[in-house]
Structure formats: structure tokens, C-alpha cells
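Please work through the following exercises with the sequence and the model side by side, trying each task before reading its solution.

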Amino acid sequence: MDLQQLEEEARQAALKDIQNMLQRPGQLEKVEQYRHRIARKKASVEALLKTGMQNQLEGVRVGLKQLETCMQDVREVRRRMDEVERLLEGVPDVYDALEVVREENTKHSQYATAMENLKHIFNVDASVQKTMALIDEDKLLNAHQCLSDLENSRDDLLYELHKQPKQHASDKITLKRHFEKVDTVSQALEKKIRLILSRTLNTVRKKPTVIVTALRIIEREEKNDQFAVQQQKVTGFLPPGRPKAWRKMIMDVLQAAVGTRIEGSKLEERADNKMWLVRDLEILRQIILEDLRVVKSLCVPCFPPHYDIFNEYVKFYHEGLSSYLDSIVRSGLEGNEYVSMLAWVTHTYPGVELMSHPDLNVEVNKLAGPLLRQEHLKALENEYLQNMQRNYQEWMTKAAQTEKQEWFSEMVPDQDEHYYHTSAPVIIFQMIDQHLQVTNTIHQELTFKALVMSIQQVEIFGQTYLKNVIELKEHHFRNRDQIKYFTHYIITIVNNSQQMRELAQQMKQLYWPKSRTDHYEDFEKLLGTFQRIRAHAANYLLEEAFLDMECHFNDLFTVKWLASTIAVDTICVTLDDYFQDYNHLRPANFEMVINEAQKLLAKRYIRALLSKRLSKPRAECDAITRKINQEAKRFKLFFEKIAPKISLSDSPLDLIATLSALLISDIELLILDLHTLLGSYPSLSEDHLVRLFYIRNDVKAAEVREKVQDAMKSKKSMVSIAKQDCIFKEIVFSDKLW
């Protein structure tokens, strides 16, 4: 560090401080104060510096003393190491000199081991027989003690051989052959323990001490295994047959016993009883519940805590049951067996009826996972839905055929509160409801899938139904004498279609999740299909009725019509006759047919009015207008009589009087009337109006066309505000006026 530079920097800093202090003349009086203050600061800094230097010097002094001590220790260690090296120089000579002693020591050790095991060496056969007898007498602890003595003797002798620097294989073979019956005894004891533990659930109820004895023996063997493994790590010697791993063996035995118990629970096959799977699953539930109760209450006190025997048993039953159910699924299920399996797996097994029962309280999904893998459950659900779809297709195809056969029968349809119907709609939706109730016991997603599939199948049924209805209509109108109760069955079809829509709406309210919007178009498609069937069938009813009145509509607005009311009388009587049958329609359908009948009657009457059958002078048009108004009023009175509860406001029949009023209008003011009329009925065409004025022969067609064209040009483009305006769109003539 450059001291001169530091001194210069300090000097410059001091000058700046003095300049700052003495900027004004009055500050000169305080120079003495400044000097004292700076002197105090200087003394304080010097004291701090002195203290710091003293601390540093003290630390250096201590460090030097420690280094000196270390040097002394290193010299002492070096001196002693040299001394040890001098002492070790004579060790090889001592080692060679003690070779004879070492050999004698080895012999002594072998002799000592032989002396200790002499009794067992000479009495192997007798000890084996005694041990086997004890096993047969179920004195297992004594038998295991004898077996342990034999094994210890064999293992000690083999270990002594293992320690020999020059090992001879023949010695080991001879010794093992001498003790070979010990392995037979060990196997016999293992077999006995296997037998006892394979009957654990039965034995623990009657003689729990037998189980405890077997477990004590296993625990001893586990300790012997641990000792043998540790010894191998140190010496490289492992006794024959070690580790026995009897604890793992008994776990395998317990698991095998559980598997056998599950497999043995099956009492019936599908050929014996259609409810075989339900019965089998219920038997399994009862067996597993009872067995796990026994394990929790009786086995847990008998088994060592580290066995965690209750949870182990839960896993055994879980794995065995999973394998058993998987084999049933692979062999194939039928009908409601899918539902039984899915409901049992997803609800019964993990629920309060089994694993979550208060006596068990097992969270099996956390402990052992799902009973069936997710992909297997999905496959099972898909198979169930496919099976349900096949059932729907078969049943609905049959239902459509049965309905079609009934239409051609000689029997009147069934009545429910005076309304014609068949049982098909109720049966279809009862069947769907039953399926959905069942799927609801499994989970909501499956219910939604089943609901969507059911809707799709009913819509397909509706398409077939519509096709059959159209064929029925065509067959009937080719020869109206072939089908005796055509009208009755068309009424039935209208009622059934409405009922199908209502039942579909009820089903939607019951099962459609409010949060789901996907597949909603399938539901709308279903409603649309049966609405089309309803509309088609209603039109067929009226088509038949109006076919009988065709000749009477042809008599309207003719010379014959002017002098007679026969045509309108006959039309009303014919309609009244048909509406006697239409009373068998449900109220909503009856109202629809009434409205359609009014519309159709108005359209046919207006078409006759515009058909250029009559041409009279202005003077006679008053009488024609009065007659038209009277007939329109009569039509309305007729509908009021047959349908008093249905509102006839804004009836299509009102159009008749509206058009007839033009026949007596002033030709000069006609354009104003046309503006008003076209404003309400923009679909009214020039052709319609010219045809209307054909009845007045005092007005030239060219003049009418001119006024109509003027009114048409000046009318504003607008959407129809009168709901009856559509009638004019449906009245089209093929012949031209000019």
C-alpha cells in the first residue's frame, strides 16, 4: 500500500473539512472548539487502533506457541515410530518359531469342538428318531430344540473344516453324509408348520397356542438365518440350508390358503342358476368379511407385531380376489352379470358392506390399490354398454314389427282414459329407466354414457317407426278398404309420439346432469324425430278426411253453390264424423289437429275462392260476400262446438272474411285496402289478388293488376307479422291468368 498517497488523500480530506467549517467570518470564533473536537476524535481513533494491534499481536503469540507444541509432538511420534519399527524386526522370526504352537492350537480347537458334539456325532440316528417322534406327537418346541442341537453340531464341525488352511472336499462330503438325516427332520418340521399355518383361520379359533408355537419356531429360525448371513460376511462360511426363510414360506402358505378359500367358494355355474354370479359374489363377501374379522380379533394377538398380519391378510384376499374376478371376466359375462360385477367391484367391495365395515375399517384403495385395473374396468363397462345396445336393438326391432302387425289387424287399439295407445312407449322407457337405475348404482359417468346410448337407440327406433308409418299411409291410400282401423291406429301413432316426447323429457330431468352439454344434440334429435312422426300422422288423419270432402270443395264457388248450402253442410258433417274419432286423441294432440284442420279448411276454401269458377257483376257480389261470411262463421261455430276448450282467436278461417271484404270494396279506394292487407299478409301475391277479383266482372283484369302492382311496389319489405300468412305461400296455381 502507498503510504504517501494515503497521507496525501488524508491531507486533502482535512483541507476540505476545514474549508467547510470556515466558510463564514463568524465561524473563526469557534476554531478552538473545532480543535478540541478533532483532538478528541483523534485520541479515540488512536485508542481503537492500539487495541486492534494488541489483539492481533496476542493472536500471533498464541499461534506461535501452538506451532512449537506441534513440532515437539511430531518429534515424539517420530521417535516412538522408530522404536516400534526396531521392535517389529523380530516378529517374522517369532512367527516361524510359533508355527508348531499354532498347529497344536488348531488341533485343540477341533478336538474341543468334537468333544462338545461327541454326543450328537455318535447319536445322530437316535436324535433324528427322537425328533421325528416329537414332531408326530405335535411337541414342536421340543422337536425344534433337538433339531437345533443337531444342526449346531453339524455346522460347528463344518466351520472347523472351513477354517483349515488345507481343506479337503472329501471331509466335508463325509460329514454332510453323516448328518444328512438332519435335513430330513428339518423338512418334516417345515411340512408340519406349513400344515398348521395353512389352517390358521380354523386353528386360531380353537387352539391359538398351536399357531403361537409355530410362530415361535419361525422366529427362532429367522434369527438363526440372520446370524448365518452375518457369519458368512465375516468368515465366508454359510451353513447348509441357510437361510431357510421360513417367514417368507409361511406368508406364501397363508396366501395360497386364501387363494384356495376364494376358489372354493364357487357353488354354481351359469348353467345351474342365472343368478350364479350374484350368489357367488355375496358368498365371497360373507367369507372375506368373516375371515378378516377372525384375523383382526384372533390372529393379530398371536402374530408378532412386525408381521402386520391383518394388513398382509387384506393384501392376500385382495390379490386372490382380483385374480379370481379377472378369470371370471375373461371367461365372458352375460346380461346383468356386467352390472353385478361392476357394482360389486366399485361399491360393495370397498364400501361398508365389506372393507369399510366398522369391524374392519380398511381403506383398501390406499393399502392395495383397485381390485381390477382401470383399463379392465373400462373394457367391462364398454362390453356392458355394447350388450345393452344389442338388447335395445333386438327389442326395439321386435317392438316396431309388432306395432306394424297390429296396424293391419282386425282389432281396435287399446284405450287409456278414452285415448288410443299401445304399451310400446311405456315399455321402452321403463326398460331404459331400469338400465339407468342399475348403472346409477355404479357411477354417474357410466349412467350418462348409458343415457346417451339409450337416446340414440330410441331415435333409431323413431326413424324405423316413421318409415313404417309412411308405408302404412301409402298402403292405405292405394286401397282404403284394406286397413279396417286405419284412422284409429293413426290416432294411436299420434298419441304414442307425444308420449314418447313426454317420457323422454321426464327421463332427461331424472338422469341428465345439469352441468353436461355434450351430446345434447342427440336428445334434441330424438325429440325432433318423434315430433315429425306426430306431425306426419296428424296430417294423414286430415288428409283422409279431406280426401272424402274433395268433391264438395270442387262444388264451392260454382253456380250450384250460389243456390245451395249442400257443399258446406256436407263438409261440416264429414268433419264432425271424423272428429268423433279424433276425440280419442290426447288433449295436446287434439288441439294440434284442430289447428291443422282449421288451417287446411281455410286453405282449401280460399283456394276454391281463387279458382276462377264464378264471375258476377258488382251488384251480385254483395250476396256472394254475405254467403262467404256466413260459411266462414259456420266453420268457426263448428270448431267451437267440437273444441269448446280450445281458443280460436286468430283463426285461419278469419282470412276468408278478410278476402271477401275486397269483393265489395270501392275500386277507387282499392289501393288503400291493398296496402292494409299486404302489410298484414306480405305473402299474398299479385296472382292471388287478380284471381280474387275475377269474381267481379265489372272490373277489368288489367285495372286490377295495375292497382295490385302499384300496391306491391309501394309496400315495404317486411317479415310477416300474421301467423296465418304462411297459408298464402302454400296456395299455388299452375294455370296462368295471362
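**Exercise 1. Locate Ala245 and decide whether its backbone and its surroundings are ordinary.**

Solution. Ala245 sits in the loop that joins α11 and α12, where helices are DSSP runs of H or I with at least four residues, strands are runs of E with at least two, and both are numbered from the N terminus. The model is a predicted one, in which local features need pLDDT of at least 70 and side-chain atom pairs count only at pLDDT 80 or more, while totals for chains, interfaces and linings use all residues. Residues are numbered from 1 along each chain as its sequence is written, and side-chain values use heavy atoms, with hydrogens and water left out.

Next, take the backbone: phi of Ala245 is near 55°, a positive value in a residue other than glycine. Most residues other than glycine have a negative phi, and most peptide bonds are trans. Then take the accessibility: because its relative accessible area is 33%, Ala245 is partly exposed, given that buried means under 20%, exposed over 50% and partly exposed in between, with a 1.4 Å probe and protein chains only.

The loop between α11 (208-235) and α12 (246-263) also holds Pro243, and the peptide bond from Arg242 to Pro243 is cis, with omega near -10°.

**Exercise 2. Find where Asp138 lies, and classify its phi and its accessibility.**

Solution. Asp138 belongs to the loop between α6 (124-136) and α7 (140-163). Although Asp138 is not a glycine, its phi is positive, at about 65°. With a relative accessible area of 48%, Asp138 is partly exposed.

**Exercise 3. Describe the surroundings of Leu333, starting from its place in the chain.**

Solution. Leu333 is placed in the loop between α14 (309-331) and α15, and it is buried because its relative accessible area is 8%. Contact is taken as heavy atoms within 4.5 Å; apart from residues up to four places away in sequence, Leu333 touches Arg270, Leu277, Ile328, Tyr338, Met341 and Leu380. For one of these partners, Arg270, the separation from Leu333 is 63 residues in sequence and 9.7 Å in space, C-alpha to C-alpha.

**Exercise 4. Compare two aromatic pairs by their geometry and by the placement of their residues.**

Solution. Begin with the rule: rings of Phe, Tyr and Trp (its six-membered ring) pair if their centres lie within 6.5 Å, and planes under 30 degrees apart count as stacked, over 60 as edge-to-face and the rest as tilted. This rule gives 23 aromatic pairs. Tyr338 and Tyr384 form a tilted pair, with 6.3 Å centre to centre and 40° between the planes. This pair links distant parts of the chain, since Tyr338 is in helix α15 (residues 337-348) and Tyr384 is in helix α17 (residues 374-407), 46 residues apart. Tyr338 is buried, with a relative accessible area of 6%, and Tyr384 is buried at 2% relative accessibility.

For Tyr520 and Phe523, the pair is tilted, at 6.1 Å centre to centre and 50° between the planes. Because Tyr520 and Phe523 are 3 residues apart in helix α21 (residues 520-548), they are separated by about one helical turn. Tyr520 is partly exposed, with a relative accessible area of 31%, whereas Phe523 is buried at 1%.

**Exercise 5. Examine the largest nonpolar core, and then the setting of Leu451 in helix α19.**

Solution. A nonpolar core is a set of buried Ala, Val, Leu, Ile, Met, Phe, Trp, Tyr and Cys residues joined through side-chain atoms within 4.5 Å. The largest core has 189 residues, of which Tyr313, Leu325, Leu556, Phe579 and Tyr582 touch the most other members. Helix α19 provides the largest share of this core, 13 residues. In soluble globular proteins, nonpolar side chains tend to be buried together.

Leu325, taken as one example, touches Leu281, Met341, Trp344, Val345, Leu371 and Leu372, when residues up to four places away in sequence are not counted. Phe579 and Tyr582 also appear in one aromatic cluster, together with Tyr578, Phe590, Phe638 and Phe639.

Turning to Leu451, this residue lies in helix α19 (residues 444-478) and counts as buried because its relative accessibility is 0%. Apart from its neighbours within four places in sequence, Leu451 is in contact with Leu436, Met507, Tyr511 and Trp512.
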